[in-house]
Amino acid sequence: MITAYAYQNRELITTELKVGDKVPESTLWLDLLKPDDEERKWLRLFSAEEVPDEEDINEIEASARFYQNKDGLHINSLFPQRVSSDVRAVNVSFNLRERFLLTLREEDVGLIRLLRNYLRLGRLDITTPQGLLLELFNLKVDYLSDLIEDVYSVLENVGEQVFNDEELDDVFKLIILQEDSNGKIRLSLLDTQRSLRYMQRYYRDSLSDENLKDIREMLSDIESLMPHSQFIFDKLQFLLDAAMGFSGLQQNKIIKIFSVSAVVFLPPTLIASSYGMNFHIMPELDWRFGYPMAVALMLASAAGTYFFFKRKGWL
């Protein structure tokens with residue numbers, strides 16, 4: 001799907017384009033969502049270089065994620081979005097051209113919808129594609145901050161749940177899920193930091209003083225968020241260690257019960273096995289009170305072992 005956006009007098013003008021249509025002169029933003037082969041061929045008609053495909057967009061090498069060519073500045077950036085209780089990271093390709101900002105993406109991204117709504121409501125005053133790109137990155141940094149706060153709020157009650165036997169399985173699942181989410185948040189922060197620093201270093205001549213100021217502010221915000229992300233990692237590791245320690249303690253208690261039971265019944269077993277031998281001369285076999293005596297001896301030996309352990313404080 002190809003969508004062209006023009007933004008004039010705080011009014012968003014949306015135009016759905018088809019293959020073969022011309023890009024309107026007033027276009028500020030050209031967005032391609034899940035482009036097919038025909039749409040990519042159409043895009044090549046007014047592109048001096050090759051159009052990146054899905055594999056190129058998901059490339060992790062810096063030279064493939066941040067570069068400049070005849071079509072302008074290219075940045076592939078990770079955008080987080082929450083799916084139920086999980087956090088996913090989606091790669092979006094940006095091509096900052098002289099006339100407009102071109103975006104290529106294979107999935108719908110919540111932050112792009114949010115930017116579009118802000119433009120539709122007239123809450124932003126953007127006149128250049130550079131300002132549009134930086135505003136989207138600003139929304140991204142704010143959203144990452146909100147995600148970090150969400151992880152904080154989830155972990156507030158985990159400390160109490162760690163010491164609840166019935167909730168221990170849920171605690172392990174929750175810790176692993178939050179660790180994965182925090183990892184993706186941190187990865188998105190680092191990716192955004194790299195993108196902004198690349199623009200600041202290699203694209204400075206095409207940016208206004210206001211754009212450069214916005215970049216510095218976003219970099220400062222990212223620097224302040226990094227320690228929070230690291231603190232969450234440390235807290236998650238502590239909670240995981242505490243949960244595993246408590247789980248091991250509960251298992252040791254169960255094993256202790258079996259161990260004590262085996263030791264308590266060891267003397268009665270020894271007595272019973274002694275009188276189970278088939279030797280010819282065993283006086284107690286013909287004794288009238290031999291059986292009650294053997295039973296009483298077994299009970300006394302078990303009780304004696306139990307009270308000995310109790311007195312030592314081993315139970």
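## Charge patch, salt bridges and domain layout in a predicted model

Helix α5 makes the greatest contribution to a patch of negative charge, supplying three of its residues. The model examined here is a predicted one, and the patch lies on its surface, where Asp142, Asp146, Glu149, Glu217 and Asp221 gather. Two helices, α5, which spans residues 129–155, and α8, which spans residues 209–264, each provide at least two residues of this patch. Asp142, one of the residues of the patch, is placed in helix α5 and has a relative accessible area of 37%, so that it is classed as partly exposed.

Salt bridges form a second group of charged features, and the structure holds ten of them. In one of these, Asp31 pairs with Arg105, and the closest N and O atoms are 2.6 Å apart. Because Asp31 belongs to strand β3 and Arg105 to strand β7, the latter covering residues 101–105, this pair ties together parts that are 74 residues apart in sequence. Asp31 and Arg105 are both buried. The two residues also belong to a wider arrangement, in which Asp31, Arg105, Asp108 and Arg113 are linked in a network of salt bridges.

A further salt bridge joins the side chains of Asp191 and Arg65, with an N to O distance of 3.3 Å. This pair links distant parts of the chain, since Asp191 is found in helix α7 (residues 168–202) and Arg65 in helix α3 (residues 62–65), with the two positions 126 residues apart in the numbering. As with the pair formed by Asp31 and Arg105, which are both buried, Asp191 and Arg65 are both buried.

Helix α5 also takes part in a salt bridge, in which Asp150 pairs with Arg82 and the closest N and O atoms are 4.0 Å apart. Here too the pair links distant parts of the chain, with Asp150 in helix α5 and Arg82 in strand β5 (residues 72–83), 68 residues apart. Asp150 has a relative accessible area of 34% and is therefore counted as partly exposed, and Arg82, with a relative accessible area of 31%, is likewise partly exposed.

On a broader scale, the protein chain is divided into two domains, domain 1 comprising residues 2–249 and domain 2 comprising residues 254–312. The centres of domain 1 and domain 2, taken over C-alpha atoms, are separated by 72 Å. Individual pairs of residues give further distances within the model. Leu32 lies in strand β3 and is buried, with a relative accessibility of 0%; its C-alpha atom is separated by 89 Å from that of Met277, which is 245 residues apart from Leu32 along the chain. Val260, in contrast, lies in helix α8, where its relative accessible area of 14% places it among buried residues. Val260 and Phe309 are 49 residues apart in sequence, and their C-alpha atoms are 8.5 Å apart in space.

Two loop positions that adjoin helix α1 complete the description. Ser47 is situated in the loop between α1 and α2, the second of these helices covering residues 54–57, and its relative accessibility of 13% means that it counts as buried. The C-alpha atoms of Ser47 and Tyr118 are 29 Å apart in space, while the two residues are 71 residues apart in sequence. Lys34 is placed in the loop between strand β3 (29–33) and helix α1 (37–44), and with 55% relative accessibility it counts as exposed. The backbone of Lys34 has a positive phi of about 50°, although this residue is not a glycine. Most residues other than glycine have a negative phi.

Terms used:
Residues numbered from 1 in each chain as written. Predicted model: local features only at pLDDT ≥ 70, side-chain atom pairs only at ≥ 80, totals over all residues. Heavy atoms only, no water. Domains from an automatic or database assignment. Patch = residues over 30% accessible without salt bridge, like charges linked within 9 Å, V, L, I, M, F, W, Y side chains within 5 Å. Areas by Shrake-Rupley, 256 points an atom, 1.4 Å probe, with all protein chains shown as cover. Lys, Arg positive; Asp, Glu negative; His and termini not counted. Charge placed at Lys NZ, Arg CZ, Asp CG, Glu CD. Helix = DSSP H or I, 4+ residues; strand = E, 2+ residues; numbered from the N terminus. Buried < 20%, exposed > 50% of the residue type's maximum accessible area, 1.4 Å probe, protein only.
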